[in-house]
Amino acid sequence: MILAVLFANAEGNILIERFHGVPAEERLHWRSFLIKLGADNLKGVKNEELLVACHKSVYIVYTVLGDVAIYVVGKDEYDELALSEVIFVITSAVKDVCGKPPTERLFLDKYGRICLCLDEIVWKGYLENTEKDRIKRLIRLKPPTEF
């Protein structure tokens with residue numbers, strides 16, 4: 001299961017977060033842990049260069065895209081390899097929506113469309129859609145033409 005998808009700016013402020021199957025009392029711990037992990041390791045990292053961490057039985061894959069850090073947390077069948085696929089789909093969707101790797105301002109300007117993309121990619125803790133064209137059709141809020 002994908003436990004969390006989190007976007008943060010360079011200062012560590014959370015821009016978007018989605019938790020699945022994580023109790024409310026543990027969310028603060030995960031937020032602070034991920035932000036600290038990024039602060040320690042994301043300096044000087046190239047766009048879309050993937051970093052991997054393991055905490056207890058949970059895998060974390062994270063990267064930088066423009067001015068935004070992206071973290072994906074998973075367990076069980078979502079190991080580091082599966083999470084790298086998830087983060088690849090998320091980064092390509094964000095680049096498509098923004099037209100380029102986003103600055104924080106551009107990211108916030110496109111916030112609504114990015115949230116729609118994220119909801120189409122990860123649904124209730126599972127990877128739902130990976131095809132760019134299908135995601136684009138779904139975020140237009142029109143029914144898909146084929147399944």
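Tyr126 has a relative accessibility of 39% and therefore counts as partly exposed; the class covers values between buried, under 20% relative accessible area, and exposed, over 50%, with a 1.4 Å probe and protein chains only. The model is predicted, so local features need pLDDT of at least 70 and side-chain atom pairs pLDDT 80 or more, while totals for chains, interfaces and linings use all residues. Residues are numbered from 1 along each chain as its sequence is written, and side-chain values use heavy atoms, without hydrogens and water.

**Aromatic pairs**

Rings of Phe, Tyr and Trp (its six-membered ring) pair if their centres lie within 6.5 Å; planes under 30 degrees apart count as stacked, over 60 as edge-to-face and the rest as tilted. Four aromatic pairs result from this rule. Two of them are set out below.

| Pair | Centre to centre | Angle between planes | Class |
|---|---|---|---|
| Tyr62 and Tyr71 | 5.7 Å | 15° | stacked |
| Tyr78 and Tyr126 | 6.3 Å | 55° | tilted |

The tilted pair ties together parts that are 48 residues apart in sequence, because Tyr78 lies in the loop between S5 and H2 whereas Tyr126 belongs to strand S7 (residues 126–127). Tyr78, with 9% relative accessibility, counts as buried. Tyr62 and Tyr71 are both buried as well.

**The five-stranded sheet**

Helices (H or I, at least four residues) and strands (E, at least two) are DSSP runs, numbered from the N terminus, and two strands pair if DSSP finds at least two bridges between them. Five strands form an open sheet with antiparallel pairing, in the order S2-S1-S5-S4-S3. Strands S2 (14–19) and S3 (51–55) are at the edges with a single partner strand each, so one side of each has no neighbour in the sheet. On average, neighbouring strands of this sheet are turned by 15° against each other, direction ignored.

Edge strand S3 pairs with strand S4 (residues 58–65) over five bridges in the antiparallel sense. Within this pairing, Leu51 stands opposite Tyr62, and Ala53 stands opposite Ile60. The side chains of S3 alternate: Leu51, Ala53 and His55 are buried and point to one face, whereas Val52 and Cys54 point to the other and are not buried. Two residues lie between the strands of the S3 and S4 hairpin, where Lys56 takes a positive phi near 60°.

**Helices on the sheet**

Contact means heavy atoms within 4.5 Å; axes are lines fitted to C-alpha atoms, for helices over the stretch in contact, and angles run from 0 to 180 degrees between N-to-C directions. Helix H2 (residues 80–98) lies across strand S1 (2–8), S3, S4 and strand S5 (68–75), at about 30° to S4. Helix H4 (residues 111–121) lies across S1 and S2, at about 20° to S2.

**The chain as a whole**

The protein chain has five helices and seven strands, which run β-β-α-β-β-β-α-α-α-β-β-α from the N terminus on. Its radius of gyration is 15 Å, close to the 15 Å given by the globule rule for 147 residues, so the chain is as compact as a globular protein of that length. The radius is taken over C-alpha atoms, and the rule is 2.2 Å times the number of residues to the power 0.38. The C-alpha trace spans about 45 × 30 × 25 Å along its principal axes.

Of the 147 residues, 44% count as buried. Among contacts with a separation of 6 or more, 51% involve residues 24 or more positions apart.
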